[in-house]
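Work through the exercises below with the sequence and the 3D view open. Try each task before reading its solution.

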Amino acid sequence: MTTVSRWNVQDIPPLVDEVVRNKADIFAFARYCPSQKDRDVCCSPAEYRHMMELCWEKFQKYKAEGCETTFNLKDHLWTLFLYEKGIFDPKAYPDDEYVYDGCNCGNCHMTILSDGAVYACRRMESKVGNALTDDLYSLFTGPAFDKYRVYEKFEKCSRCELLRLQHGAGRL
C-alpha cells in the first residue's frame, strides 16, 4: 500500500513495475488525506486520474501475462474510473437500500486522532467527539454520526446512479 501525493504521483506507475518485479502478493494505493492546513500536498484531480489510467494499463498488461500480484483497487475513485470506461455496471447490483462500496463515512468506520478526537471521516471536517471522554459505541450509534448517514443529502452525489456504490467520493 502506498499513499499518493503531489510529490510521488509520477512515481506510482513505475512502482507498479517494481512491485511486479519483486513478486509482491498485493499492491494498492490511495490518495493522501490532508488536514485543512496541508491541502497543498495533494496532486490535482487531473494528475491523479492520469496516474490511475497509466496504472490501469499496467495492471491489465501484467494480468494478461499471468502476473500473480493482486492489484487491489482500494481507492474509492476506482469505481468511478471503471464506470467511465464502461467496465463497471451499477445495474449488476440489487436495487435495494444497501451501500455496497465507496465511501464508508458514517456506516462502518470512524477516525481517531492521537489527541482522542473522533471524526466520521478523515477526509473532511467531521468531528463528532473525543475517544478520551466519550463512549465510542454511543458516538457511532447515536445522533453525532446520523448526519453522515443521510447520503441523499450529499450535495455532489445525491442524483448519481452510483450513490450506493460510490457515495461521498466526488467525481474524477
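The exercises use a predicted model and cover cores, rings, salt bridges and a sheet.

**Exercise 1. The main core**

Task: Find which residues of the largest nonpolar core touch the most other members, and which helix gives the most to this core.

Solution.
- Step 1. Take the core as a whole. The largest nonpolar core has 23 residues.
- Step 2. Pick out the members with the most contacts to other members. They are Val-4, Phe-29, Tyr-48, Met-51, Met-52 and Phe-59.
- Step 3. Assign helices. α1 (12-21), α2 (45-64) and α3 (77-84) each supply at least two residues of this core.
- Step 4. Rank them. α2 gives the most, with seven residues.
- Step 5. Look elsewhere. Another core, of eight residues, lies apart from this one; Cys-105, Val-118, Val-128 and Tyr-148 are among them.

For background, nonpolar side chains tend to be buried together in soluble globular proteins.

**Exercise 2. A covered helix**

Task: Decide whether α3 is mostly covered or mostly open, and list its buried residues.

Solution.
- Step 1. Count. Six of the eight residues of α3 are buried, so the helix is mostly covered under the cut-off of 20% relative accessible area.
- Step 2. Name them. Leu-77, Trp-78, Thr-79, Leu-80, Phe-81 and Leu-82 are the buried residues in α3.
- Step 3. Move just past the helix. There, Gly-86 has a positive phi of about 80 degrees.

**Exercise 3. Surroundings of Tyr-48**

Task: Classify the ring pair of Phe-29 and Tyr-48, then describe what else surrounds Tyr-48.

Solution.
- Step 1. Set the scene. The model has nine aromatic pairs.
- Step 2. Read the geometry of one. The ring centres of Phe-29 and Tyr-48 are 6.3 Å apart and the planes are at 75 degrees, so this pair is edge-to-face. The cut-off for that class is over 60 degrees.
- Step 3. Place the partners. Phe-29 is in strand β3 (residues 29-31) and Tyr-48 is in helix α2, so the pair ties together parts 19 residues apart in sequence.
- Step 4. Check burial. Phe-29 is buried at 1% relative accessible area. Tyr-48 is also buried, at 4%.
- Step 5. List the contacts beyond four places in sequence. Tyr-48 is in contact with Val-4, Val-9, Phe-29, Ala-30, Arg-31, Cys-43, Asp-75 and Leu-77.
- Step 6. Add the charge. The charged end of Arg-31 sits over the Tyr-48 ring, 6.0 Å from its centre.
- Step 7. Widen the view. Phe-29 and Tyr-48 belong to one aromatic cluster with Phe-27, Trp-56, Phe-59, Phe-71, Trp-78 and Phe-81.

**Exercise 4. Three salt bridges**

Task: For Arg-21, Glu-53 and Lys-61, find which residue each one meets in a salt bridge.

Solution.
- Step 1. Start from the total. The structure holds seven salt bridges.
- Step 2. Take Arg-21. Arg-21 bridges to Glu-18, with the closest N and O atoms 2.9 Å apart. The two are three residues apart in helix α1, about one helical turn. Arg-21 is exposed at 55%, while Glu-18 is partly exposed at 36%.
- Step 3. Take Glu-53. Glu-53 bridges to Lys-85, at 3.1 Å between the closest N and O atoms. This pair links distant parts of the chain: Glu-53 is in helix α2 and Lys-85 is in the loop between α3 and β5 (111-112), 32 residues apart. Glu-53 is buried at 18%, whereas Lys-85 is partly exposed at 35%.
- Step 4. Extend that pair. Glu-53 and Lys-85 are linked with Arg-49 and Glu-84 in a network of salt bridges.
- Step 5. Take Lys-61. Lys-61 meets Glu-65 at 3.6 Å, N to O. Lys-61 is partly exposed at 42%, and Glu-65 is exposed at 54%. Lys-61 also lies over the face of Tyr-62, 4.2 Å from the ring centre.

**Exercise 5. The open sheet**

Task: Work out which strands stand at the edges of the three-stranded sheet.

Solution.
- Step 1. Write the order. The open sheet runs β5-β6-β7, with antiparallel pairing.
- Step 2. Find the edges. β5 and β7 (127-130) each have a single partner strand, so one side of each is left without a neighbour in the sheet.
- Step 3. Inspect one pairing. β6 (residues 117-119) and β7 pair antiparallel over three bridges.
- Step 4. Go down to residues. Val-118 has Gly-129 in β7 as its bridge partner.

Notes
Residues are numbered from 1 along each chain as its sequence is written. This is a predicted model: local features need pLDDT of at least 70, side-chain atom pairs count only at pLDDT 80 or more; totals for chains, interfaces and linings use all residues. Side-chain values use heavy atoms; hydrogens and water are left out. A nonpolar core is a set of buried Ala, Val, Leu, Ile, Met, Phe, Trp, Tyr and Cys residues joined through side-chain atoms within 4.5 Å. Buried means under 20% relative accessible area, exposed over 50%, partly exposed in between (1.4 Å probe, protein chains only). Helices (H or I, at least four residues) and strands (E, at least two) are DSSP runs, numbered from the N terminus. Contact means heavy atoms within 4.5 Å. Rings of Phe, Tyr and Trp (its six-membered ring) pair if their centres lie within 6.5 Å; planes under 30 degrees apart count as stacked, over 60 as edge-to-face and the rest as tilted. A charge sits over a ring if NZ of Lys or CZ of Arg is within 6 Å of the ring centre and within 35 degrees of the ring normal. A salt bridge is a side-chain nitrogen of Lys or Arg within 4 Å of a carboxyl oxygen of Asp or Glu. Two strands pair if DSSP finds at least two bridges between them.
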